[in-house]
Amino acid sequence: MKINKNYLNLKPSYLFKNIAEKTAQYKEAHPDADIIKMGIGDVTLPICKAAADAMTDAAKEMGNIDTFHGYPSSYGEDFLLSAISNHYKKHIGIDIDENEIIVTCGAKEDVANILDIFDTDTTVLIPDPVYPVYLDTNIMTGRKIKFINATEENAYLPLPTDADAADLIYICSPNNPTGAAYTREQLKVWVDFAIKNNAVILYDAAYEMFISDSECPRSIFEIDGARQCAIELCSFSKTAGFTGVRCGYTVIPTELESDGVKLLDLWKRRQSTKFNGVSYVVQRAAAAAFSDEGYKQLCENINYYRRNTENMTKTFDKIGIKYFGGKNSPYVWLKCPNGMKSWDFFDLLLDKCNIIGTPGAGFGENGEGFFRLSGFGDNTRCVEALERIEKMNF
Ligand code: MLT
């Protein structure tokens, strides 16, 4: 028996697991510490009432012989495909056919699973810093990885040059971890670059609902040409609070082809073989989240989290800490004060303020010296955390 040796090239522990372990150790040593968690981007508000009610009703249907459902469709039930297509039309202003949408368990899973349909002998372009899943899943499959530098100088929105040519390109906008969001004009540069290089863009739009600037697109399919070169991966986690429920969707335009083969057909083939679909109860909840009433409730929740990032950016402006993000994103990416390294700042913040954040170095070399705070927490606790930081007089 031979193992997949690519796994030996991974860092021993996944970033957020590492942080959870460090937090648990600290808590054990300091049981009275009043820890405020601003690390992993996990939501704290419950799923919206429309979704929770739909889930309850669907659970009742499942417990009744007349309304019970067995295996769901591997691609998503019609009622949810229609709700997602309607979301694109009504809130983003673009036409996405129901047939081009595949319902899944979430964007994290899709970002990894989509690699199945591409040759392993491909080069992947990944930004640094980056959501670790893009990097780790490509290391696991042994692909050639190239990095594109996202830095303070390019405001964490790098644009490609000829040297960045690759087969697969990961873009996350609004970005995790930096919170930066591409404008339409900038994304058009990426789309033209992908078409010129016969590359596919894997576009992670998990944070699309946080966009408030009208010049920043919520979907890559708002950009001319994207239907020839992009796949969009999206999620109900950050929009509808489904981190513990698990539901997402992938959009592959029918015209996206490689070597005369439609990528949509390959992905559907993959899903029908390896996946038995998202549970009926969850799909009903997701569809309700995108109903008119549900969407209103999602917007209220997003506005709640926005208050956290607004308070963070106001405080950092006041105390002179440089930051990125926070405007179109639930994340604020700050420069560690006094030139500190990010894990040192993590320890300091934990020890002196009892605050957990995410060290930038965990997202790549360019993250060193930076730190990510999540806006997904409770409003009052966030204010308290900021008061503790202010008192530190960095
Ligand atoms: C994060 O904190 O980066 C995210 O919550 C992780 C995820 O979405 O898997």
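**Entry 1: the loop between β5 and α6**

I began with P177, which I found in the loop between β5 and α6. I looked at the peptide bond that leads from N176 into P177 and noted that this bond is cis, with omega near 20°. I should record here that I am working from a predicted model. I then turned to P174, which also has its place in the loop between β5 (168-172) and α6 (184-196). The bond joining S173 to P174 is a cis peptide bond as well, and I wrote down an omega of about -5° for it.

**Entry 2: the sheet and its edges**

I next traced the strand order of the sheet, which is open, has seven strands and reads β2-β8-β7-β6-β5-β3-β4, with mixed pairing. Which strands lie at the edges? I found β2 (101-104) and β4 (144-149) there, each of them pairing on one side only. When I checked how neighbouring strands of this sheet are turned against each other, I noted an average of 20°, with direction ignored.

**Entry 3: strand β2 and its surroundings**

I stayed with β2 and followed its pairing with strand β8 (residues 248-251), which is antiparallel and runs over four bridges. Along this pairing I matched I101 with V251 as its bridge partner in β8, and I saw that V103 stands opposite Y249 of β8. I then asked myself whether the two faces of β2 are covered or open. Both are covered, since I101 and V103 on one side are buried, as are I102 and T104 on the other.

I also looked for helices that lie against this part of the sheet. Helix α8 (residues 263-274) lies across β2, β6 (200-204), β7 and β8, and I noted that α8 runs at about 30° to β2. Helix α3 (residues 78-92) packs on the sheet too, where it touches β2, β7 (230-235) and β8, and the direction of α3 makes about 115° with that of β2.

**Entry 4: helices α2 and α9**

For this pair I looked up both the angle and the distance, because two packed helices are described by the angle between their axes and the distance between the axes. The axes of helix α2 (residues 49-62) and helix α9 (residues 280-289) come within 8 Å and cross at roughly 150°. An angle over 145 degrees counts as roughly antiparallel, and α2 and α9 are therefore roughly antiparallel to each other. I noted the crossing in which α2 passes α9 as right-handed.

I then listed the residues that make the contact: from α2 they are A50, A51, A54, M55, A58, A59, E61 and M62, and from α9 they are Y280, V281, R284, A285, A288 and A289. How do the residues of this contact divide into nonpolar, polar and charged? I noted 12 nonpolar residues, no polar ones and two charged ones.

**Entry 5: positive phi outside glycine**

Finally I looked up two residues for their backbone angles. D259, in the loop between β9 (257-258) and β10 (261-262), has a positive phi near 50° although it is a residue other than glycine. I checked its accessibility and noted a relative accessible area of 78%, so D259 is exposed. N393, in the segment after α12 (379-391), is not a glycine either, and its phi is positive at about 50°. The relative accessibility of N393 is 68%, and N393 therefore counts as exposed, the cut-off for this being over 50%.

Technical notes. Residues are numbered from 1 along each chain as its sequence is written. This is a predicted model: local features need pLDDT of at least 70, side-chain atom pairs count only at pLDDT 80 or more; totals for chains, interfaces and linings use all residues. Side-chain values use heavy atoms; hydrogens and water are left out. Axes are lines fitted to C-alpha atoms, for helices over the stretch in contact, and angles run from 0 to 180 degrees between N-to-C directions. Angles under 35 degrees count as roughly parallel, over 145 as roughly antiparallel, 65 to 115 as roughly perpendicular and the rest as oblique. A crossing is left-handed if the near helix is turned anticlockwise from the far one by less than a right angle, and right-handed if clockwise. Contact means heavy atoms within 4.5 Å. Ala, Val, Leu, Ile, Met, Phe, Trp, Tyr, Cys and Pro count as nonpolar, Asp, Glu, Lys and Arg as charged, and the others, Gly among them, as polar. Two strands pair if DSSP finds at least two bridges between them. Buried means under 20% relative accessible area, exposed over 50%, partly exposed in between (1.4 Å probe, protein chains only).
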